[in-house]
Amino acid sequence: MLKSAPVRYTIYGTLLIVLSEVVYHSCRLLKNWYNCNKNIRKPKELWALRLTNELSGLCSAKHETNFRKLSAISLNSREALDKIKIIERAPVCANPYCMDSNVDLIVDLLNATQYSIDLAMFAITLIPISNALVKAHKRGVIIRIIANNGDAMSISSECRYLIKYGIAIRFNSHITGKHLMHHKFCILDSPLTVKVFVVITKTSY
């Protein structure tokens, strides 16, 4: 039977079609798996340290009188901000402890955040940072804040402003000055939050 040329060609052609279908669907499954998992892989972790001391406020007056005063690049940026570029950019001020420069960098990083902001802060008193937090909250970023209880509701505190917009803030349980929550750090787009967000987004399609 296989000696007949038409039969052989029919069998070979059928096998070729079946094999091509298997290869095609295997490639599609592999591509779909890759697209579903490429954003879940562990992203590059970055860190930035900003220091303040008695020199931090020395150049504030100069920035206020300077025509080209410091301002966060994100205020005028129409493109998506890249945290790597923000952290690695050249300093605007010659003073490495410049308060204005440090605040602008933090504002840019907050504006570049896509998924989550976890902030531990002794006192939140800077209006540019609180405004950036509210903007992030409005665009759907998960925000969790821990602040010190002592001055949380003072006149200079921005906590009332943040709570007004529905941002979650927790305070340490100690009211007296014996035990202060004196941390000052922030985690932006933690890998776990990014992974969970991507999975939820993809399953909601």
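Tutor: The expected span of a helix is 1.5 Å times one less than its number of residues. This is a predicted model: local features need pLDDT of at least 70, side-chain atom pairs count only at pLDDT 80 or more, and totals for chains, interfaces and linings use all residues. Residues are numbered from 1 along each chain as its sequence is written, and side-chain values use heavy atoms, with hydrogens and water left out.

Student: How far does α5 reach from its first C-alpha to its last?
Tutor: α5 has twelve residues. At 1.5 Å a residue, 16 Å is expected. The model comes close to that, with a reach of 16 Å.

Student: How many helices and strands does the protein chain have?
Tutor: Helices (H or I, at least four residues) and strands (E, at least two) are DSSP runs, numbered from the N terminus. From that end, the elements run α-α-α-α-β-α-β-α-β-β-α. The totals are seven helices and four strands.

Student: What share of the 205 residues in the protein chain do buried residues make up?
Tutor: Buried means under 20% relative accessible area, exposed over 50%, and partly exposed in between (1.4 Å probe, protein chains only). By that cut-off, the buried share is 27%.

Student: How many of the 14 residues of α4 are buried?
Tutor: Among them are Ser101, Asn102, Val103 and Asp104. Their cover includes α3 (83-88), β1, α5 and β4 (184-188). α4 is mostly covered, with a buried count of eleven.

Student: Are α4 and α5 roughly parallel or roughly antiparallel to each other?
Tutor: Axes are lines fitted to C-alpha atoms, for helices over the stretch in contact, and angles run from 0 to 180 degrees between N-to-C directions. Here the angle is about 5 degrees, and the axes lie 9 Å apart. Angles under 35 degrees count as roughly parallel, over 145 as roughly antiparallel, 65 to 115 as roughly perpendicular and the rest as oblique. The two helices are therefore roughly parallel.

Student: How do the residues of the contact of α4 with α5 divide into nonpolar, polar and charged?
Tutor: Contact means heavy atoms within 4.5 Å. Val103, Ile106, Val107, Leu110 and Asn111 of α4 meet Pro128, Ile129, Ala132, Leu133 and Ala136 of α5. Ala, Val, Leu, Ile, Met, Phe, Trp, Tyr, Cys and Pro count as nonpolar, Asp, Glu, Lys and Arg as charged, and the others, Gly among them, as polar. The split is nine nonpolar, one polar and no charged.

Student: Which residues touch the most other members of the largest nonpolar core?
Tutor: A nonpolar core is a set of buried Ala, Val, Leu, Ile, Met, Phe, Trp, Tyr and Cys residues joined through side-chain atoms within 4.5 Å. This one has 20 residues, and those touching the most others are Ile117, Leu133, Ile143, Ile145, Leu162 and Ile167.

Student: Which elements give two or more residues to this core, the largest nonpolar one?
Tutor: α5 supplies the largest share, five residues. The full list is α4 (99-112), β1 (116-121), α5 (127-138), β2 (142-147) and α6 (159-164).

Student: Is Glu64 buried or exposed?
Tutor: Glu64 sits in helix α2 (residues 60-65). Asp100, 36 residues away in sequence, is 9.9 Å from Glu64, C-alpha to C-alpha. With a relative accessible area of 61%, Glu64 is exposed.

Student: What is the relative accessible area of Ala168?
Tutor: Ala168 belongs to strand β3 (residues 168-171). Not counting residues up to four places away in sequence, Ala168 touches Ile143, Arg144 and Ile145. Ala168 is partly exposed, at 42%.
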